[in-house]
Amino acid sequence: MAEVVSVPPLLSGNLAFFFDLDGTLAEIKPHPDQVYIPAAVRTLLQKMSVMSDGALALISGRSMAELDKLATPFHFPLAGVHGAERRDINDKTHVVTLPAPLVKALQEELSSTLAQLPGTELESKGMAFALHYRQAPEAEEAIFLLAKTMTARYPELALQPGKCVVELKPLGINKGAAIRAFMQESPFKGRTPVFIGDDLTDEAGFKQVNAMGGLTIKVGAGDTVAQHRLANVRMVYHWLGKLTHHIEQQQKTETLRGEDYESLSGSL
């Protein structure tokens, strides 16, 4: 468990990039609708995507529709709702759903219960539900009890804790599985994965990338299986800028070497 700030190395080569969003590419805000990725960071992500032949994906608890809106005007491969919905490089979508009667029953019961907990908020994602209590930290115990009750009653559900949120999602869905699916497809296949995240929901992704021999980076404090740590979102921006410059210089050097080789071959 890494406990000190351990700045990740500047890598080069055939890399595949995976990014969480809230708390990683964007500062956490009091309400999810207030979150944004700065324009300069979005442009940097697009540059990294081009340099890696498109092997860059956003992996988030948010829906793919929200991720597209936050990444606009750019269009990346995505895994939304922790991987319950996924869009590959060819725009093919892969979606895991829950039975409609179960979704209806959950919507009604969760809405009714949260209405009795002022400051809490229910976010319905179609195949998953997020129980937010950032504005009502005193409701944490009640929220967890409610979520545990639902998973005990409906075995097709799994409980996923996060920062001031508990999510109910289809069993077997997590960010590690989403990354594994991407890594079996072009342009990710055969590359070294790099995953950056900040929350408990990212730990499954860290485990998967560690097992693949990749690089894992935890943002902020807390126990983690990630290999390295960056202190906050601003440090993520700083490191990504340095990494992009490093990769760019490496690629220029390789291009010049190739041109020198061609020139030498032509003169022989």
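This note goes through two groups of paired strands in a predicted model.

1. Basis. Residues are numbered from 1 along each chain as its sequence is written. Because the model is predicted, local features need pLDDT of at least 70 and side-chain atom pairs pLDDT 80 or more, while totals for chains, interfaces and linings use all residues, and side-chain values use heavy atoms, without hydrogens and water.

2. The open sheet. Four strands (DSSP runs of E, at least two residues, numbered from the N terminus) form an open sheet in the order β6-β7-β9-β8, paired antiparallel; pairing requires at least two DSSP bridges between two strands. Strands β6 (121-124) and β8 (157-162) each have a single partner strand, so one side of each lacks a neighbour in the sheet. On average, neighbouring strands are turned by 20 degrees against each other, direction ignored (axes are lines fitted to C-alpha atoms, for helices over the stretch in contact; angles run from 0 to 180 degrees between N-to-C directions).

3. Inside that sheet. Between β7 (residues 129-132) and β9 (residues 165-170) there are 4 bridges, in the antiparallel sense. His 132 has Val 165 in β9 as its bridge partner. Helix α4 (residues 140-153; helices are DSSP runs of H or I, at least four residues) packs on the sheet and touches β7, β8 and β9, where contact means heavy atoms within 4.5 Å.

4. Strand β10. In β10 (residues 192-197), 5 of the 6 residues are buried (under 20% relative accessible area, 1.4 Å probe, protein chains only), so this strand is largely enclosed by the rest of the structure. Strand β10 runs parallel to β1 (residues 15-19), with 5 bridges, and parallel to β11 (residues 215-219), with 4 bridges.

Definitions and conventions
Buried < 20%, exposed > 50% of the residue type's maximum accessible area, 1.4 Å probe, protein only.
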